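User: I am new to this structure and would be grateful for a short, orderly introduction to it.

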Amino acid sequence: MALRLSISSSHGPASSPAISTCRPAACRRRPALLSGSAASQKRSLTVMTGSEMRGVASVRSSSLETTSVGAEAVTGQVTEVSKDTFWPIVKAAGDKVVVLDMYTQWCGPCKVMAPKFQEMSEKNLDVVFLKLDCNQDNKPLAKELGIKVVPTFKILKDGKVVKEVTGAKIDELAHAIETVKSS
């Protein structure tokens, strides 16, 4: 049995996060992205019950498919987290390295990094890859983690942030992950 819910949200300029996001030089098109259909995002949430995949929900966000799971640290994919699920998943990861992509829906560099981040998750099967939409709902966690620009990547080991990479720097992120894995 599957349950399908449609969730609509309007994040126009008035309801945008108060977090400083995207450097102006990198995101000059922000007003255009916030107008029209981009301001009204629709998401589809599928919840499977019984033997179909207990507790797993598939969330379509922008053009990438991600999975949101209760408190399970899954490898080989990118898992969408929220302020409520982030720390339980980090705890469930135990001694595995956790990489968190902090992004916003309207950020151009974030959209460029998303497929590269997904590819990294498929290649690094010993690392847990998470992503957090720094919208109004997740603002408390974004603030707690000290985000100032997006994209920001936080690398955690044993539940503590040990490295940070800001901006769309895939090579720097890959190097940081390898450094943390080997330490």
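The exchange below takes up confidence, the nonpolar cores and some individual residues.

User: What pLDDT does the protein average?

Analyst: This is a predicted model, and its confidence varies along the chain. Over residues 1-21 the pLDDT stays under 50, and over residues 23-69 it is below 50. In the protein as a whole, 62% of the residues score at least 70. The average pLDDT is 74.

User: Which strand gives the most to the largest nonpolar core?

Analyst: The largest nonpolar core has 23 residues, and Val81, Phe86, Val98, Leu100, Met102, Leu130 and Leu132 have the most contacts inside it. At least two residues each come from helix H2 (86-92), strand S6 (97-103), strand S7 (127-133) and helix H4 (139-144). With four residues, the element that gives the most is S6.

User: Which residues does Val81 touch, not counting residues up to four places away in sequence?

Analyst: Val81 is among the residues with the most contacts inside the largest nonpolar core. Leaving out residues up to four places away in sequence, Val81 touches Phe86, Ile89, Leu100, Leu130, Lys131, Leu132 and Asn138.

User: How many residues does the second, separate core have?

Analyst: This core is separate from the one described above, and its members include Val99, Phe117, Ile177 and Val180. Its size is 15 residues.

User: Is Val78 buried or exposed?

Analyst: Val78 is found in strand S5, which spans residues 78-81. Its C-alpha atom is separated by 9.3 Å from that of Asp101, 23 residues apart along the chain. The relative accessible area of Val78 is 3%. Buried means under 20%, so Val78 is buried.

User: Why does Lys96 count as partly exposed?

Analyst: Lys96 lies in the loop between H2 and S6. The partly exposed class falls between the buried limit, under 20%, and the exposed limit, over 50%. Lys96 belongs to this class because its relative accessible area is 33%.

User: How far apart in space are Lys96 and Val127, C-alpha to C-alpha?

Analyst: Leaving aside neighbours within four places in sequence, Lys96 is in contact with Ala73, Thr75, Asp126, Val128 and Leu156. Lys96 and Val127 are 31 residues apart in sequence. In space, their C-alpha atoms are 6.0 Å apart.

User: How many disulfides does the structure hold?

Analyst: Cys107 is buried, with a relative accessible area of 0%. Cys110 is also buried, at 5% relative accessibility. A disulfide requires a pair of cysteine sulfur atoms within 2.5 Å. The number of disulfides in the structure is zero.

Note on methods. Residues numbered from 1 in each chain as written. Predicted model: local features only at pLDDT ≥ 70, side-chain atom pairs only at ≥ 80, totals over all residues. Heavy atoms only, no water. Core = buried A, V, L, I, M, F, W, Y, C linked by side-chain atoms within 4.5 Å. Buried < 20%, exposed > 50% of the residue type's maximum accessible area, 1.4 Å probe, protein only. Contact = heavy atoms within 4.5 Å. pLDDT = per-residue confidence, 0-100.
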